[in-house]
Amino acid sequence: MAKFRSDFLQVLDERGLIHQVSDPEGLDALALAGPITGYVGYDATATSLHIGNLITATLLYWLQETGHRPIALMGGGTSMVGDPSFRDEQRKLLSVETIATNIEGIKRIFSKILRFGDGPTDAIMVNNADWLLKLNYVEFLREVGRHFSVNRMLSFDSVKLRLDRDQSLSFLEFNYMIMQGYDFVELNRRYGTVLQMGGSDQWGNIINGVDLSHRMGGPQLYALTTPLLTTSSGQKMGKTASGAVWLNGDLFSPYEFWQYFRNTEDADVGRFLKIFTRLKLDEIARLAGLGGAELNEAKKILATEATAVVHGREAAEQAAEAARATFEAGAIDLSLPTTEIARSELDAGIGILNLLVKVGLAVSNSDARRSVQSGAVRLNDGLVEDERLSIGKNMLLPEGVIKVSVGRKRHALVKPV
């Protein structure tokens, strides 16, 4: 017998996307009775979302696919304060202009994941600056702030860990959870929103909104969180040698994104197929059951399908073909991640360690040195043994580029300009 009766919660449960639900039976009954509206909030701390955000965007996707209305909430207001959850220090304050630029960058991903429009289940995008920046502070304290217990707020893990380390929590940051709780109430008033979703680290903030609605005489609201994403080896997912796995192609190319999933650990293939692709569960079960060399084919399918979700089918197929040409045919594929450097710099000669850092294949010179010393670095497919090697224009291939590799799966091109 299925754990849930509604298609929405059943799909999330089957795909391993549920960590906690505030009232599983109540939410299940509501989702079964008819379309509901749910949201996820995204603060504009960068010009792109990252792979952790892709999981919560996937929650919105399945909400829509099962007949409900998703809201992508842009944190134009809350980004001016900064979420202190599980952070060691206060976030750097962002200007209004920076926040606006970041929101424009973040918007790009949702057009590929959700269907927007005026229909009853079409997605909408909202900015909490529309109401938070217009609040009268004293009235807000009287109407909303009085419902928050400081004692309870201090008990949340997201805050408690900070205080236990004797790290200060500013009054500005302390207001964040009040603002996020108010967002939920305001979205219910404006759009009939009854569900807020997010990562497991947001549970306390989301529950604040559920409680606030009750204390202000509003309707029953619901909270749902997804698990923290880790690999089978216990590593937090979402980091590479060159930094975060961003969703926008200008920060992390479709090819790099494809490669990231191609390198999935064997034990994670089935789980990641459920979370990051739209494949049917029976097909996922078949792929996850493969072994040996066949499992590598499953990883390629995972990489292509996950890349198609974020970058579109065409870009995903191009990334897959670039990988095939590079690894199987030994060709130079010009769609590989490319770093432009000044021709004058190449004329003068650039050290291999410096070059590895420039193209994102090492995080520091010492990291690059270790790669050279371990025999992992290749230049134009030739082994690099000298960490003092200087790269010059005489090393350009007929295609006008230099190919740099670390290991078998990480490649980059250098192009003089």
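Which residues of β3 are buried on one side, and which on the other? I started my notes with this strand. The model is a predicted one.

**Entry 1: strand β3.** I looked up residues 69–75, which make up β3, and found seven of its seven residues buried. On one side I listed Arg-69, Ile-71, Leu-73 and Gly-75. On the other side I listed Pro-70, Ala-72 and Met-74. Both faces of β3 are therefore covered, as buried here means under 20% relative accessible area. I kept a general point beside this: in a regular strand the side chains alternate between the two faces of the sheet.

**Entry 2: neighbours of β3.** I then checked what β3 pairs with. Strand β2, residues 37–43, pairs with β3 in the parallel sense, over seven bridges. I noted one pair of bridge partners, Val-40 with Ala-72 in β3. Between β2 and β3 the chain passes through helix α3, residues 51–65, and this β-α-β crossover is right-handed. Strand β4, residues 124–127, is joined to β3 by four bridges, and these two strands also run parallel. Here Met-74 has Asn-127 of β4 as its bridge partner.

**Entry 3: nonpolar cores.** Which residues touch the most other members of the largest nonpolar core? I found Phe-110, Phe-261 and Phe-276, in a core of 99 residues. Helix α3 gives the largest share of this core, nine residues. I followed Phe-110 further and left out residues up to four places away in sequence. Its contacts include Ala-72 and Met-74, which I had already met in β3. Also among them are Tyr-42, Leu-49, Ala-57, Leu-60, Phe-116 and Met-125. Another core, of 22 residues, lies apart from the largest one. Its members include Ile-341, Ile-350, Ile-352 and Val-414.

**Entry 4: helix α12.** Why do I call α12 largely enclosed by the rest of the structure? Seven of its nine residues, which span 254–262, are buried, so the description holds. I wrote down the buried ones as Tyr-255, Phe-257, Trp-258, Gln-259, Tyr-260, Phe-261 and Arg-262. Phe-261 had come up in Entry 3, as a residue of the largest nonpolar core.

**Entry 5: a five-stranded sheet.** I traced an open sheet of five strands, in the order β9-β15-β14-β11-β12, with mixed pairing. At its edges are β9 (338–341) and β12 (382–383), each pairing on one side only. Strand β11, residues 377–379, runs antiparallel to β12, and two bridges join them. For Arg-378 I found Leu-383 in β12 as the bridge partner.

Note on methods: Residues are numbered from 1 along each chain as its sequence is written. This is a predicted model: local features need pLDDT of at least 70, side-chain atom pairs count only at pLDDT 80 or more; totals for chains, interfaces and linings use all residues. Side-chain values use heavy atoms; hydrogens and water are left out. Two strands pair if DSSP finds at least two bridges between them. Buried means under 20% relative accessible area, exposed over 50%, partly exposed in between (1.4 Å probe, protein chains only). A crossover is right-handed if, with the strands pointing away from the viewer, the path from the first strand over the helix to the second runs clockwise. A nonpolar core is a set of buried Ala, Val, Leu, Ile, Met, Phe, Trp, Tyr and Cys residues joined through side-chain atoms within 4.5 Å. Contact means heavy atoms within 4.5 Å.
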